[in-house]
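This report walks through one protein chain, from its overall fold to its core, one histidine and its internal space.

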Amino acid sequence: MCLFLYDDPDPDEQDPAGLLHVPAHRVATGFVLRTFRTPLGERTAVAFTHRDLLARTLSAGQPSIRLAESALRSLASPLGISRLVLDPVLSAPAVSAEPLCADATVATL
């Protein structure tokens, strides 16, 4: 008997996401797709369904472009990227020059 009921959609039955906010680098001629890596090192494209989700995850100043999922996949495919992560949440703490606690000391060898 299963104690948990899962209502995850089948990947083949997902609704289209519509226009996505895709992180990009601004260059002299326009924009370049920003790619990421999964924790295991696989290259991936990342997109967000809402601008505020992108701002909370990457920063308010992160440039982005609006693309349909199919257009994003077409841009990523020649780069060897087949994975698309939608609305990712970063789990690592922000990098800081401050020690994590006041008592922290750096050991020297």
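A polar contact here is a pair of N or O atoms within 3.5 Å; within protein, one must be able to donate a hydrogen and the other to accept it. The model is predicted. In it, the side chain of His21 reaches the backbone nitrogen of Arg51 at 3.5 Å.

**Around His21**

His21 belongs to strand S1. Is His21 buried or exposed? Its relative accessible area is 11%. Buried means under 20%, so His21 is buried. Beyond its neighbours within four places in sequence, His21 is in contact with Ala47, Phe48, Thr49, His50, Arg51, Leu54, Ser64, Ile65 and Arg66. For one of these partners, Ala47, there is also a backbone distance: the C-alpha atoms of His21 and Ala47 are separated by 5.6 Å, although the two residues lie 26 residues apart along the chain.

**Overall fold**

The chain has two helices and six strands. Their order along the sequence is β-β-β-β-α-β-α-β. The chain counts 109 residues, of which 21% are buried. Among contacts with a separation of 6 or more, 71% join residues 24 or more positions apart.

**Helix H1**

Helix H1 covers residues 51-58, and its buried residues are Leu54, Thr57 and Leu58. Seen down the axis of H1, these residues fall within an arc of 75°, so they line one face of the helix. An α-helix has 3.6 residues a turn, so residues three or four places apart point the same way. The buried residues of H1 pack against three strands, S1 (19-27), S3 (35-37) and S5 (64-68). Just past the end of H1, Ser59 has a positive phi of about 135°.

**Nonpolar cores**

In soluble globular proteins, nonpolar side chains tend to be buried together. Two separate cores can be listed here.

| Core | Residues |
|---|---|
| Largest nonpolar core, 10 residues | Leu20, Val22, Leu33, Ala45, Ala47, Leu67, Leu72, Ala76, Ile81 and Leu84 |
| Second, separate core, five residues | including Phe36, Val46, Phe48 and Leu54 |

Which elements each supply at least two residues of the largest core? They are S1, strand S4 (43-47) and helix H2 (69-76). Val22 is a member of this core. Not counting residues up to four places away in sequence, Val22 touches Leu33, Val46, Ala47, Pro63, Ser64, Ile65, Leu67 and Leu72. Val46, one of these partners, is part of the second core. Leu54 is also in that second core, and Leu54 is one of the buried residues of H1.

**Internal space**

How many cavities of 30 Å³ or more does a search of the whole structure find? The search finds one. The largest cavity has a volume of about 40 Å³. Its lining is made up of Ala45, Leu72, Arg73, Ala76, Ile81, Ser82, Arg83 and Leu84. H2 gives the largest share of that lining, three residues. Ala45, Leu72, Ala76, Ile81 and Leu84 appear both in this lining and in the largest nonpolar core.

How values were computed: Residues are numbered from 1 along each chain as its sequence is written. This is a predicted model: local features need pLDDT of at least 70, side-chain atom pairs count only at pLDDT 80 or more; totals for chains, interfaces and linings use all residues. Side-chain values use heavy atoms; hydrogens and water are left out. Buried means under 20% relative accessible area, exposed over 50%, partly exposed in between (1.4 Å probe, protein chains only). Helices (H or I, at least four residues) and strands (E, at least two) are DSSP runs, numbered from the N terminus. The arc is that of the directions from the helix axis to the C-beta atoms. Contact means heavy atoms within 4.5 Å. A nonpolar core is a set of buried Ala, Val, Leu, Ile, Met, Phe, Trp, Tyr and Cys residues joined through side-chain atoms within 4.5 Å. On a 1 Å grid over the protein atoms alone, a cavity is a set of points where a 1.4 Å probe fits but cannot get out, and a pocket is an open set with protein on both sides within 12 Å along at least five of seven lines; lining residues have an atom within 4 Å of a point. Grid points are joined across faces, edges and corners, and a volume is the space filled by probe spheres set on the points.
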